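Grab your viewer and work through these exercises with the structure open. Try each task before you read its solution.

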Amino acid sequence: MLKIYFDGANTEKIKEAYSWGVIDGVTTNPTLISKENRPFRELVEEICSIVDGPVSVEAVSLDAEGMIKEARELSKIHKNIVVKIPIIKEGLKAVKVLSEEGIKTNVTLVFSAGQAILAAKAGASYVSPFIWRLERVGQVGFKLAEEIARILRNYNDCKTEMIVASVLDPRYIAEAALVGADIITLPFEILEEVVKHPMTDIGIKQFLADWKKVLRG
Ligand code: E4P
C-alpha cells in the first residue's frame with residue numbers, strides 16, 4: 001500500500017496524526033523546522049520518539065564534504081534519520097559516499113526525471129519530486145511523478161523509493177497511489193482534508209437522528 005509520511009515538524013500535530021494509525025514516517029525541511037521555534041536537536045529527537053519510521057532531516061551545506069559531515073552527525077541522533085540532500089552535483093557526490101556508509105538519503109528538490117535517475121544511480125534511498133511547486137510554474141506535477149515511478153520500476157536493481165512531496169491538494173493522495181508512488185508526504189491540514197467529506201458528515205447526522213427513532217427494548 002501507499003506509505004504516508006507526515007510533512008512537518010509540529011510534535012503535537014505529529015502525535016495527533018500518528019494516533020490515527022496511518023503515518024509511516026516524517027519529512028521536514030529547514031522552513032518547516034524554523035516554524036517551530038525550538039532547539040533543532042531536541043525537536044528532531046522528539047519527532048523520532050513519536051514516530052516509528054523514517055524521519056527526513058535536511059543537510060544545509062552546499063559542498064559534498066560539508067553535507068557528508070552533517071549527515072554523519074544527523075544520523076547519530078536516531079537510527080531512523082534519513083538525510084535530505086539537494087539534487088546538485090555536490091549532492092550526488094555526497095549521496096554516493098553516504099550510501100556506501102549505510103546512511104539513508106532523501107534527494108530533495110527534484111523537478112525532472114533526469115534528476116531522479118541521477119539520484120537513484122548515486123544510491124539515494126528516496127527521491128522527492130516537488131509536485132505543487134511544479135504546478136505553480138505551469139507544469140503538470142503528476143506527469144513527473146508518473147515518469148519517475150515508471151523509471152524506478154523498470155529496473156529490478158533499483159532500490160530507490162519515490163516520495164511525492166510538496167502537496168497542497170487533498171486529491172494528490174489518490175493521484176500518488178494511481179501512479180504507483182511508494183510514499184506521499186502530507187502536511188497535517190491536507191491530511192485532515194483527506195479524512196473529511198461533507199457526505200460522510202451528512203450521513204452520520206442522518207443515521208444518528210434515525211437511531212433515536214429505533215424502538216429499543
Ligand atoms: C518534503 O519533503 C518537502 O520538503 C515539502 O513537501 C515541500 O513542500 P512545499 O513545496 O509545500 O514547501
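**Exercise 1.** List what threonine 185 touches, not counting residues up to four places away in sequence.

*Solution.* Step one: take contact as heavy atoms within 4.5 Å. Step two: collect the hits, and threonine 185 turns out to touch Tyr5, Phe6, Asp7, Thr27, Ile163, Val164, Ala165 and Val167. Step three: place the residue, and you'll find threonine 185 in strand S8 (residues 183–186); strands (E, at least two residues) and helices (H or I, at least four) are DSSP runs, numbered from the N terminus. Step four: check the accessibility, where threonine 185 counts as buried because its relative accessibility is 2%. Buried means under 20% relative accessible area, exposed over 50%, and partly exposed in between (1.4 Å probe, protein chains only). Step five: look for a polar partner, and a 2.5 Å polar contact joins the side chains of threonine 185 and threonine 27. A polar contact is a pair of N or O atoms within 3.5 Å; within protein, one must be able to donate a hydrogen and the other to accept it, and residues adjacent in sequence count only if both atoms are side-chain atoms.

A word on ground rules: this is a predicted model, where local features need pLDDT of at least 70 and side-chain atom pairs count only at pLDDT 80 or more, while totals for chains, interfaces and linings use all residues. Residues are numbered from 1 along each chain as its sequence is written, and side-chain values use heavy atoms, with hydrogens and water left out.

**Exercise 2.** Find the residues around the ligand, then look for polar side-chain atoms by its oxygen atoms.

*Solution.* Start with every residue that has a heavy atom within 4 Å of the ligand. That gives Asp7, Thr27, Asn29, Lys84, Phe130, Arg133, Ala165, Ser166 and Thr185. Next, go for the polar atoms: a polar side-chain atom of aspartate 7 lies 2.6 Å from a ligand oxygen atom, one of asparagine 29 lies 2.7 Å from a ligand oxygen atom, and one of arginine 133 lies 2.6 Å from a ligand oxygen atom. Last, the cover: on its own the ligand has 350 Å² of accessible area, and the protein covers 85% of that (Shrake-Rupley method, 1.4 Å probe).

**Exercise 3.** What is the geometry of the aromatic pair formed by tyrosine 5 and tyrosine 126?

*Solution.* First, the rule: rings of Phe, Tyr and Trp (its six-membered ring) pair if their centres lie within 6.5 Å, and planes under 30 degrees apart count as stacked, over 60 as edge-to-face and the rest as tilted. By this rule you get five aromatic pairs. Tyrosine 5 and tyrosine 126 sit 6.4 Å centre to centre with 70° between the planes, an edge-to-face pair. Now trace the chain: tyrosine 5 is in strand S1 (residues 3–7) and tyrosine 126 in strand S6 (residues 126–129), 121 residues apart. Both tyrosine 5 and tyrosine 126 are buried.

**Exercise 4.** Is serine 166 buried or exposed, and what is its phi?

*Solution.* Locate serine 166 in the loop between S7 and H9. Its relative accessible area is 14%, so serine 166 is buried. Then read the backbone: phi of serine 166 is near 60°, a positive value in a residue other than glycine. Try asparagine 37 next, which has a positive phi of about 50° although it is not a glycine. Asparagine 37 is exposed, with a relative accessible area of 74%.
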